Amino acid sequence: MAKRFRTAKKGIWILGVLLLFFGIFLGIAGRQLNGSSQAANYEIIDDEGNPVTGTYELRRATATFGLSDYAAGDKCEWTSANEDILTVEPATANQRQVSVSVQNMGKVGLTCTITHSDGSMETRNVAIDVVFSINEFLSTGAPAKMTKIRSNDSRRSIVMDYGTTVYFGKNAKKDTNKLNLIFGDATSQSAVWSSSNNDVIRVSEQGGESLVMAVGTGRTQLSVTYNDGKNEYNDSINVYVRPQIRKDSVSGARLDDSASTVIMERNDKVWIPALFDSNPLEGVLDKVTWVIAKRSGTTRTLVNSSAGGEYNANADANLIYDSATNTFRLDAKAGQYIVMFYVKGTYNNFKEAQDSSIFLGCLPSYFNADVRGKFEDKDVTVNIGGSYDLAEAFNISKDTLLKNFTLSVEDNSGNWVSVDYQTWILTGRTRGTAKFKVKCNSMPSEMIPGVVQGQTYNVTVNVTDTFSLNVASATMAVGSKLDLTGIIGSGEYAEADSFRWETTDPRETYISISSNAQYATVTAKKETPADSPVKVSLYWTDDMAVTHVASCKIYVTNSATTIPLDHTELEMEVGSIEYLDSGLSGQQNLTWISADTDMVKVEPQQGNTKAKLTAGTKTGSTTITVINKDNNAYATCHVTVTAAITSLTIEQGENLDTFLSAGFVFLKANYLPKNATNTELKWTTSDPSVATVDKNGVVTLLKEDTVWISVEPVFNPYNVVARCCINIKKNPVTDIITDVSEINMIAGDQYTVSTTIVPSDATDTTLLWNTDDQKIAKVQGGTITAVAPGDANITVANGTVFKIIKVHVRNRLKSVAFTQNEYEIKEGDTISLKNALIFNPSDHVNTNVSWTSTNSQVVSVDKDGNITGLKAGDVAWITCIPEDLGIAGAITCAVKVISQDVPANNITLKPSETEMHVGETLQIESVFNPVTATYQNLSWSSTNEKVATVDSNGLVTALSEGEVSIGAVYTDPITGTVWKPLYCRITVKSALTKLKDYTLTPAHKELYVGDNYTIAPVFDPKDVTEKTIHYYSSDEAVATVDDNGVVNGISEGSAVIVGRSEDGNIVRTCTVTVVKPPVPVKDLLWSRRSRRYG
């Protein structure tokens, strides 16, 4: 039992050590792994930090790309797949960020190979399409900015300030503060530049140099057509011009050039540079979006804006445009504001405009305005029924007035005025004068210029009766009539003679009038001169002798019997705007009607003589009718709404490789919108000697070369064009297929890669082989030779087509062994044998193995080498087969299943007390209860090692006379409990006389059957202490012997009697012959007589 325990304990200790080292290895490896590639997120990003996905369209002569993350110890190598299109700047080729420079148009791959500190490698790739473009870069010192307006914009835009200019450059890589083309000289005659709106920017010359001038606020496009002598290219870029803001007029003080605050009164005006010369039908809100917000420290709160979803006509602040002076009137209650003008198209809503992660580029022009209140005494006159709004009078919000001011009545004894204390509106009821006081009790929470706490203001309201005509101004056609009525506000009755009518046309040249009391009928007779209306006045004298007067201005026109519209047929594009002119002048009584408002919306303009037509999204035909309401004369215009093609692409893409042997290429054009009505297309070729194209886009291939096929709408108001560059060439290699993409090899081995070239009839099938690490793996002609452990990349290429084969080289495995031949496992436990394997060599080898058990009912083993003890008391053999060595390298170990630990309940020592002689040994027996206790090892000690010693197994050796106690201590391995010591008391006496020899006497004895005798041993020396002899018979059927040496004859025969001393060291013998005893004479005689007479 003790021996088994020691073997099991040793096995468990070895497995524990192996597990410890394995855990340390995993921890170190994990830290190394976490410190390298696993800690980094490798994505290629552009110069704005955005991940590059799909094909990246490059519109800059130089650009920067980088990795989104970078682990310590990593090394990078950037390469271009085609340096004829894109080159890597050498100084940045091995940095995290790389600078690239475009050379030609085309598609190219940019690859970053990352080598980690542990030697492993990985790659990241991005597909780049270099296109003809206006160079989307301006240096920080340039007079304009090249930026995205919003983070999700696909292209950058040009942002300019009003009044600035930016010149065109010759070289995009050198003239970085000028506008350039990626390819070509932007200043040459080959480049034709144009602005789509000369009210915003103009292309001009100054000092012999071409430039762009920002002449007015708004947005437009700058376009270029470039012809390199062989092909024509087009590109456009959005341009946004930020406005200046001035006080009152173009010559007023600048408001937007500092952060200082401007003190303003309600209805003060601001000017911005908005031009309408080239597009007179545009409005100011087609150029800018204004936004007004409250200021409070750094906090901005939206008050109002001209954006559709945010405009509020009743807001505390508003901007009202006056086209005659090109100014905005600031209609604002007292408060602190920031007034902002965004270029049209840059502002969606206030929340987005405050988010710098979304709104990037075109910041608004703005100024800080403190609008003063009108805090002073008031003396006003209102008519009966008229009202006086105190919030408007003091130019302050009603909410502030209610919270911080009080209104008290000084005199309203005649109930002349009614007061609404919720709205602070005073309404005239009867004629008289009422007096009130307004007091500021507390300062408002927001800063309001002009407010003084405790200040009192007097308000005097004079109520008078009202008197007016039902019409204040009218335009009449010759022959038409108009009824006029005098209206008394109080509604009191008045005598007919208290009214009197007068006109400024007493001779009735232009009008005639017939009247009765406050009623009159006017008849138009002749057209009045321009700006010279006839004034008709009614005088009323009330019962207090006060005379009131009310007037009406009358313009007389010749009513047209025909309406000479400038268009009777009109064709419009979806979303476009046109104007119809009736051909009439002055104020006309015309009505404009659209037969289908979903198709065309009509809005009267300029005194009804013109109309604005806006085409909707619906295509088709409709009729616009204008009717003269004076005589029902009318005219019509037939309007056809069409949808031109606004976007055009070639389905096969911008680049197409084909072979002359194909004969034809069938191109397909796709256009938007889908409901386009003018869909006729025109196809052209850049070189008819290389390829021709018919009206259906069928390209006939004539010779090897490159040709551009273009398609554009026949009706092309948007100047859209799509092009496809067809590269007609011999049959190139398009793909290389290898039989492996990744391979595991043993150092010294070779492997020949099998390749398939696509297409099989490619013109040039030469393959170039290369390795990125000759120390790991070499390659020649497709044969890979594994050199040393590690990882390498083998590249096979034909031109720009390549494949990479990952090679993992390991050492050759020589042998595998278990740490020991036998293992013990407790029933129900599971341990790993994989950690008990010793590989030779120990590193860079294939550690894949398979496992089997000779008896899975006793010990089971899984694919990972985990064994489970299932049946105690039995043994199973576990076989491990290395993948690289096969069955020839298989190893086995025995696994014995033992029971689970049984704890000890009690222990006794046998003997617990005894005597010994000097020189003797005694094995003390430990008796466990139960006897099946698993752990039965004791720690032994002697109280006096001069008298007796004890070994680790309880064997006592007596050394000298005396008394001694032999102690045994039990430590329970299961619970860790140390038991109370047990003792065996021993008295050691003097040494015994040792037996040297002895003889058995007699040496031979003849014995009758049934008789016995006693053997007498003779000892040497005679005084020997131990005289115990153990006897044995060689044939107990003949004679037996007991422990006292008494021999009994059993049957005839001979036997050897063996004597053995107590210590078993001396054996001596004697012999005995057993015979029949003699027959007595009388018995003999009787026998004879019996025979005689019987």
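1. Which residue in the turn of the hairpin formed by β64 and β65 has a positive phi? In this predicted model, the residue in question is Gly799, whose phi is about 65 degrees, and the turn that holds Gly799 belongs to a hairpin with two residues between β64 and β65.

2. The pairing within that hairpin is antiparallel, with nine bridges joining β64 to strand β65 (residues 801–810), and one pair that can be checked in the coordinates is Val796 with its bridge partner Lys803 in β65. Strand β64 also runs antiparallel to strand β61 (residues 768–771), to which four bridges join it, and here Leu768 has Ala797 of β64 as its bridge partner.

3. As for exposure, strand β64 (residues 790–798) is mostly covered, since seven of its nine residues are buried.

4. A separate open sheet should be read in the order β9-β10-β16-β15-β12, its five strands showing mixed pairing. The edges are formed by β9 (145–147) and β12 (191–195), each of which pairs on one side only, and the twist from one strand to the next averages 30 degrees. At the β9 edge, three bridges link β9 with strand β10 (residues 157–161) in the antiparallel sense, and Lys145 stands opposite Val159 in β10.

5. Ser710 lies in strand β55 (residues 705–713), and Ser710 counts as buried because its relative accessible area of 13% falls under the 20% cut-off. Setting aside neighbours within four places in sequence, the contacts of Ser710 are Lys682, Trp683 and Thr684, together with Val721, Ala722 and Arg723.

Conventions. Residues numbered from 1 in each chain as written. Predicted model: local features only at pLDDT ≥ 70, side-chain atom pairs only at ≥ 80, totals over all residues. Heavy atoms only, no water. Pairing = 2+ DSSP bridges. Axes fitted to C-alpha atoms, helices over the stretch in contact; angles between N-to-C directions. Buried < 20%, exposed > 50% of the residue type's maximum accessible area, 1.4 Å probe, protein only. Contact = heavy atoms within 4.5 Å.
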